[in-house]
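Biologist: Hey, got a minute to walk me through this fold? I'd like to go from the overall picture down to single residues.

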Amino acid sequence: MLAINNQDKFNAVVETALAKAANFPRWQKAIQRAIEEIESNPLIHWVEEDKSLLICSPSNSIYSANGICQCKAFVEFNQPCWHRAAARIARLYMESEANQTTPLAPRPDVIREDERAIYICGGIRPEEAKVGGFRL
Ligand SMILES: [Zn+2]
């Protein structure tokens with residue numbers, strides 16, 4: 001089950017997704033199905049490492065969806081599928097959750113080049129990064 005701890009944020013992500021899909025009926029349908037599945041399917045798991053959604057669908061197939069999917073709708077017909085819609089909604093929701101709890105890093109374009117590496121590499125200082133020939 002995908003943990004939705006902030007229903008307001010989830011609803012906001014869904015509303016934005018539906019608005020963006022206003023002219024794409026197949027995506028709207030995929031989004032509606034994605035919402036149903038996110039709220040009811042216990043076998044949907046967010047995989048933080050690659051920002052994907054691991055889905056065991058009601059058809060007993062397992063899909064790993066982010067921008068791509070292994071399902072027939074996508075692979076054979078390149079059509080919108082609820083797996084990808086769910087993965088995108090989950091990613092946007094997780095990002096909005098993360099933004100609330102993590103202080104914002106300085107904008108990369110207004111800091112020095114050597115400082116930028118620190119933020120990109122998650123706290124490695126430039127002098128440490130040079131040890132052992134490690135390059136940024
Ligand atoms: Zn799919």
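Modeller: Sure, let's start with the overall layout and then go piece by piece.

Biologist: What kind of model is it, and what's the average pLDDT?

Modeller: It's a predicted model. The average pLDDT is 81, and 73% of the residues score at least 70.

Biologist: Where does pLDDT stay under 50?

Modeller: Over residues 128–134. The model has five contacts beyond four places in sequence for that stretch.

Biologist: OK. How many helices and strands are there?

Modeller: Six helices and three strands. Along the sequence the pattern reads α-α-β-β-β-α-α-α-α.

Biologist: And what share of the residues is buried?

Modeller: Of the 136 residues, 21% count as buried. As for contacts with a separation of 6 or more, 42% of them are between residues 24 or more positions apart.

Biologist: Let's talk core. Which residues touch the most other members of the largest nonpolar core?

Modeller: A30, A34, L53, A65, A85, A86 and I89, out of 23 residues in that core. The elements giving two or more residues to this core are helix 1 (7–20), helix 2 (25–40), strand 2 (52–56), strand 3 (62–65) and helix 4 (82–101).

Biologist: Which of those gives the most?

Modeller: Helix 4, with seven residues. In general, nonpolar side chains tend to be buried together in soluble globular proteins.

Biologist: You listed A30. What is A30 in contact with, leaving aside its neighbours within four places in sequence?

Modeller: P80, C81, W82 and A85.

Biologist: Now helix 2 itself. Which of its residues are buried?

Modeller: W27, A30, I31, A34, E37 and I38. Seen down the axis of helix 2, these buried residues fall within an arc of 130°, so they line one face of the helix.

Biologist: And what's exposed on the face turned away from that buried side?

Modeller: P25, E36, E39 and S40.

Biologist: How does the length of helix 2 work out at 1.5 Å a residue?

Modeller: Its 16 residues should span 22 Å, and the end C-alpha atoms are 23 Å apart, which agrees.

Biologist: Same question for helix 1: what span should it have, and how far apart are its ends?

Modeller: Helix 1 has 14 residues, which should span 20 Å at 1.5 Å each, and its end C-alpha atoms are 20 Å apart, so that agrees.

Biologist: Which residues are buried in helix 1?

Modeller: F10, V13 and A17. They cover an arc of only 65° around the axis, which puts them on the same side of helix 1. Q7, D8, E15 and A19 are exposed on the other side.

Biologist: Why would residues three or four places apart point the same way?

Modeller: Because an α-helix has 3.6 residues a turn.

Biologist: Switching to the strands. How does strand 1 pair with strand 2, parallel or antiparallel?

Modeller: Antiparallel, over four bridges, with strand 1 covering residues 44–47. One bridge puts W46 with L53 in strand 2. The two strands form a hairpin with four residues between them, and K51 in the turn has a positive phi of about 50°.

Biologist: And in what sense do strand 2 and strand 3 pair?

Modeller: Antiparallel too, over four bridges. C56 stands opposite I62 in strand 3.

Biologist: Which face of strand 3 is covered and which isn't?

Modeller: Y63 and A65 make up the covered face, while I62 and S64 are on the uncovered one. In a regular strand the side chains alternate between the two faces of the sheet.

Biologist: Any odd backbone angles? What about N60's phi?

Modeller: N60 isn't a glycine, but its phi is positive, about 70°. N60 is in the loop between strand 2 and strand 3, and that hairpin has five residues between the strands.

Biologist: Is N60 buried or exposed?

Modeller: Exposed, with 7 other C-beta atoms within 10 Å; the cut-off for exposed is 12 or fewer.

Biologist: And what does N78 do?

Modeller: N78 also has a positive phi, about 50°, although it is not a glycine. N78 is in the loop between helix 3 (72–75) and helix 4, and with 8 C-beta neighbours inside 10 Å it counts as exposed.

Biologist: Last one: where is P42?

Modeller: P42 is in the loop between helix 2 and strand 1. P42 is exposed, with 8 other C-beta atoms within 10 Å. From P42 to I55 is 13 residues in sequence and 9.3 Å in space, C-alpha to C-alpha.

Technical notes
Residues numbered from 1 in each chain as written. Predicted model: local features only at pLDDT ≥ 70, side-chain atom pairs only at ≥ 80, totals over all residues. Core = buried A, V, L, I, M, F, W, Y, C linked by C-beta atoms within 7 Å. Buried ≥ 20, exposed ≤ 12 C-beta atoms within 10 Å, placed from the backbone. Contact = placed C-beta atoms within 7 Å. Expected span 1.5 Å × (residues − 1). Arc of directions from axis to C-beta. pLDDT = per-residue confidence, 0-100. Pairing = 2+ DSSP bridges.
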